[in-house]
Amino acid sequence: MDLSTAEEESNSDQIVHTPPEIDWEMLDKSKFFFLGAGLFSCVSATLYPVVVLKTRQQVSSSHLSSLKTAFSILRYEGFRGLYRGFGTSLIGTIPARATYMTALELTKSNVGTNIIKLGFPEPTAAAIANAMAGLSAALAAQLVWTPVDVVSQRLMVQGNDYSNQKISTCDQKSNKYMNGIDAFRKILNTNGPRGLYRGFGISIMTYAPSNAVWWASYSVAQRLVWGGIGSYMCNENENGGVVAFTPDSRTVMAVQGVSAAMAGGVSALVTMPLDTIKTRLQVLDSSDDNNGRKVPTIGQTVRNLVREGGWMAFYRGLGPRWASMSMSATTMITTYELLKRLSTKNQENLIR
């Protein structure tokens, strides 16, 4: 089934022909997963420092700007401070991405086909299929990603002492971790498997709707952008009549990138409070050995955030997260679409 914007007709005078969407059955799976591991590892390496900044701001009890946080990390920890926990994150990214992409493509193809059979128009079917695909992909990937997230975030916030932030994190000397394996072992020994899945419930509450909103928004944004291009081409046509436009691959990638950035910004804004709560829960230890206090519940975390800075405390790190999600969405979708093109079994009909 073709869920792409294969043909946009906002009026009788304009037709924009875009390439058909590459579905699961068209892919060479071995090439898809092998190339995907390499491409998405490069994307993760590029965006990781922004994730570190976001995490540091979210666990901070004082409000520091992104620039001040970045300068503090560089001053006291050096450039390596921006890549704390990256090794662990990278190792976990590969199986998590593979799980995510498999669930995404299978759900999108199957749900989209069935919805169209029910009589829904193609644009509506595309939005629903994309939303359901994002939802199922997030649920599947979080089973792999949550333990990796917990360990990498613990490593990210180490070295935070210079900020005079009074937060019970893994920065205490008794809890410092040498590397990802050491962190994994200590968390498992101290808290058991539940420690590695701390914040799993709220991770699902954050990422599942976030992915659903993102993929649905991405589908709608693409149609709006292509419709705008069609209207522009129609206005530029001085001779009247039907305007037929077939974009090249660079134009297609540009539209995909712009649509992804728009969807990423919306998703970041909607889910920011949940992400802040999730990060707080994941970086805190289950107990403070020095004073015997237990880690706060979700309700206590919410009250602590409100006490620290009102409701705006839930939006600490919004700038880096907005930038991270927009950049990540743009690079992810362009990389993902490139990956699908490179992994297609029969490439004769693809736009060059």
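This passage describes the fold, helix packing, salt bridges and surface of a predicted protein model.

Residues are numbered from 1 along each chain as its sequence is written. Because the model is predicted, local features need pLDDT of at least 70 and side-chain atom pairs count only at pLDDT 80 or more, while totals for chains, interfaces and linings use all residues; side-chain values use heavy atoms, with hydrogens and water left out.

The protein chain holds 10 helices and 3 strands, where helices (H or I, at least four residues) and strands (E, at least two) are DSSP runs numbered from the N terminus. Read from the N terminus, the elements follow the order β-β-α-α-α-α-α-α-α-β-α-α-α. Of the 352 residues, 50% count as buried, a term that means under 20% relative accessible area, with exposed being over 50% and partly exposed in between (1.4 Å probe, protein chains only). Contacts (heavy atoms within 4.5 Å) reach far along the sequence: among those with a separation of 6 or more, 79% join residues 24 or more positions apart.

Two helix pairs show how the chain packs. Helix H1 (residues 29–59) and helix H10 (residues 318–342) have axes that come within 10 Å and cross at roughly 175 degrees, which makes H1 roughly antiparallel to H10. Here axes are lines fitted to C-alpha atoms, for helices over the stretch in contact, and angles run from 0 to 180 degrees between N-to-C directions. Angles under 35 degrees count as roughly parallel, over 145 as roughly antiparallel, 65 to 115 as roughly perpendicular and the rest as oblique. The H1 residues in this interface include Phe-32, Leu-39, Val-43 and Lys-54, and those of H10 include Arg-321, Met-327 and Tyr-336. Helix H4 (residues 122–156) and helix H8 (residues 249–283), in turn, pack at about 75 degrees with their axes 9 Å apart, so H4 is roughly perpendicular to H8.

Gln-153 is one of the H4 residues that meet H8. This glutamine is buried, with a relative accessible area of 3%, and its contacts beyond four places in sequence are Thr-55, Lys-278, Thr-279, Gln-282 and Val-283. Another polar residue, Glu-105, lies in helix H3 (residues 86–117) and is buried at 1% relative accessible area. Glu-105 touches Ile-22, Asp-23, Trp-24, Tyr-336 and Lys-340, leaving aside residues up to four places away.

Charged side chains add further links. The whole structure contains 13 salt bridges, each a side-chain nitrogen of Lys or Arg within 4 Å of a carboxyl oxygen of Asp or Glu. Asp-275 pairs with Lys-54, with the closest N and O atoms 3.1 Å apart; Asp-275 lies in H8 and Lys-54 in H1, so the pair ties together parts 221 residues apart in sequence. Asp-275 also meets Arg-321 in a salt bridge (3.3 Å, N to O), linking H8 to H10 across 46 residues. Asp-275 and Lys-54 are buried, and Arg-321 is buried too. Lys-54, Asp-149, Asp-275, Lys-278 and Arg-321 are linked in a network of salt bridges. Elsewhere, Arg-84 and Glu-77 form a salt bridge at 2.6 Å; Arg-84 is partly exposed at 26% relative accessibility, and Glu-77 is buried at 17%.

On the outside, the chain exposes about 16,600 Å², of which carbon and sulfur atoms supply 62%; accessible areas come from the Shrake-Rupley method with a 1.4 Å probe, and for residues only the protein chains shown count as cover. Leu-67, Phe-71, Leu-74 and Phe-79 make a nonpolar surface patch of about 470 Å². Patches are made of residues with over 30% relative accessible area and no salt bridge, like charges being joined within 9 Å and nonpolar side chains (Val, Leu, Ile, Met, Phe, Trp, Tyr) within 5 Å. Within this patch, Phe-71 belongs to helix H2 (residues 66–77) and is exposed, with a relative accessible area of 57%.
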